[in-house]
Amino acid sequence: MAIIVDDISRTFHEYLLLPGLTTKEHTPHNVSLKASIQRHTASEGAKISLNIPFVSAAMQAVSGPELAIALARKGGSAFIFCSQGIEEQAEMVRLVKEHKAGFVESDSNLSPDASLLDAVNLRKRTGHSTIAVTERGEPNSKLLGILTSKDFWEFKDDLSRPIREFYTPLEKLVLAQEGVTLQGATELLWKNKKECLPIIDKAGNLKYLVFRRDYFDHKSNPDELTDNEKRLFVGAALNTFDYKERAKALIDAGVDCLCLDSSDGYTEWQAEAARHIRKEYGKEIIIGGGNIVTKEAFRYLVESADVDFVKVGIGGGSICITREQKGIGRGQASAVMDVAAERDKYFKEKKIYVPICSDGGLNSDTQVIIALAMGADFVMMGKYFAMTEESPTNKITYRGRLYKPYWGEGSNRAKNWQRYSQSDSDKLSFEEGVDAFVPYSGRLGDKVDISTAKIRAAMCNVGVLNIKEFHEKARLTRVSEMTLVEGGTSTVEQLDRIPSDRG
């Protein structure tokens, strides 16, 4: 007969945190939300960490370039979805990496013989108003000058005339030599009251551009997550079919983190894929595995696949119906606690810490807090981000309210049959996700600010200042149905819910 696990499958909804002693040092300002995303030893500590414990799901309706940029600027990371062509996914990664403030490689370049009309069309295509004028009209070519919208009037000047008659020549520009630090470049911009600083090599070839606006942009987002070159951090998903070609293309595009995306990651295919990527690209590339819900699966991926982090959760997502369709899964709270306990056991044995990510089953900020308290290092969310302005879908209006489309990777709409082992067919035999709509919630930055404020406040109530302490000191209590009723607002009338008598 089947083995019956003598345990009830629990959800985050069934628990509350008990407060601990809050001292004078326990203020939100002192709380760090840094979360490791890469395996590390006890002595060395994490080399790479998220600045907030949020990552977005590798889904078509969630993680596009715009959302990846917005989330990295707040300190988290998106995972660009792999249910698309390899080059299309790599291009999304490139868009994120090229967006970053700092030393930017120019993608708006013209030769001096180009016309003003060429400049106008290039500006419309790229959205960039600063155009580098180079000898060959290419990046890494000899810099001759800079053309901006201040150098000509689109609706007054003859657009057929060459830009050599309009651009600001090299001798009138403030320049810096390759090797200058970002701080040094910023100082030059400030002292000379310039908007853009070209960086050239010894031969006079254009290498980078540094912009004044990027300095203010960075100061407005102090938790911004960047790589060693000050480019925005971005992750991407892989499947276990074309991972060799896909991983190479993504790494060439500059991806910082790869995650094998599967509804069930406890497989030899995933271990084989992870081992190949590790052998080809070494320890520098971050590799995530999953999804899993048991301690045995955690051990398997950590020891057999050498992954950096493990995603926990099967069937808990708001648009996932794997549990209904196949009877596979586990309550998210039980899964996180079981895997977190095994992670801590592994750390004691090997002195190696492998972070875990709680993926799915998060329907409120409170449940994010509970997941972190139970042992998750960071959380992956789909619906939360699908609702934002920056998600890839268009807003629609229904009954006077704004919504955004949201569908699961296991739905027919996603056409992501490679993620699911259902049959030998190249299509889904049955759906494991639904196609739906979620209420529009506004800008990602505003939403994340509210969520992280709640997490910091809760951690102060518990008496901790970082996620590691949260794991160690949090105390949780099970709740009854009446506890949930008592904690709500069922005994009062809320003003915003009282019907209007004016029709």
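Here is a quick tour of two sheets, one buried leucine and a cavity. Keep in mind that this is a predicted model. One of the sheets is open, with 3 strands and antiparallel pairing, while another open sheet, also of 3 strands, has mixed pairing. Away from the sheets, we'll stop at Leu225, which lies in a loop, and then at the second largest cavity, with its volume of about 30 Å³.

**The antiparallel sheet**

- Going across this open sheet, the strands come in the order S21-S22-S23.
- Strands S21 (396-398) and S23 (435-439) sit at the edges and have a single partner strand each, so one side of each has no neighbour in the sheet.
- From one strand to the next, the twist averages 50 degrees.
- Strand S22 covers residues 401-407 and pairs with S23 in the antiparallel sense, over 5 bridges.
- If you want a spot to look at there, try Pro405, whose bridge partner in S23 is Phe437.

**The mixed sheet**

- Here the order is S11-S12-S13, again in an open sheet.
- S11 (176-177) and S13 (206-211) are the edge strands, and each of them pairs on one side only.
- S12 takes in residues 196-200, and its pairing with S11 runs in the parallel sense over 2 bridges.
- Look for Ala176 here: it stands opposite Ile199 in S12.

**Leu225 and its surroundings**

- You'll find Leu225 in the loop that runs between helix H5 (212-220) and strand S14 (235-238).
- Leu225 has a relative accessible area of 6%, and because the cut-off for buried is under 20%, Leu225 counts as buried.
- Leu50 is 175 residues away from Leu225 in sequence, yet the C-alpha atoms of the two are 6.9 Å apart in space.
- Setting aside neighbours within four places in sequence, Leu225 touches a stretch made up of Ser49, Leu50 and Asn51, along with Ala72, Gly75 and Gly76, and also Arg231, Leu232 and Phe233.

**The second largest cavity**

- How many cavities of 30 Å³ or more does a search of the whole structure find? The search turns up 2.
- The second largest has a volume of about 30 Å³.
- Its lining is made up of Ala119, Val120, Arg123, Ser129, Ile131, Leu147, Thr148, Ser149 and Phe152.
- Helix H3 (residues 116-126) gives the most to that lining, with 3 residues.
- By type, the lining residues of this cavity split into 5 nonpolar, 3 polar and 1 charged.

Methods:
Residues numbered from 1 in each chain as written. Predicted model: local features only at pLDDT ≥ 70, side-chain atom pairs only at ≥ 80, totals over all residues. Heavy atoms only, no water. Pairing = 2+ DSSP bridges. Helix = DSSP H or I, 4+ residues; strand = E, 2+ residues; numbered from the N terminus. Axes fitted to C-alpha atoms, helices over the stretch in contact; angles between N-to-C directions. Buried < 20%, exposed > 50% of the residue type's maximum accessible area, 1.4 Å probe, protein only. Contact = heavy atoms within 4.5 Å. 1 Å grid on protein atoms, 1.4 Å probe; cavity = no way out; pocket = protein on both sides within 12 Å on 5 of 7 lines; lining within 4 Å. Points joined across faces, edges and corners; volume = space filled by probe spheres on them. Nonpolar A, V, L, I, M, F, W, Y, C, P; charged D, E, K, R; others polar.
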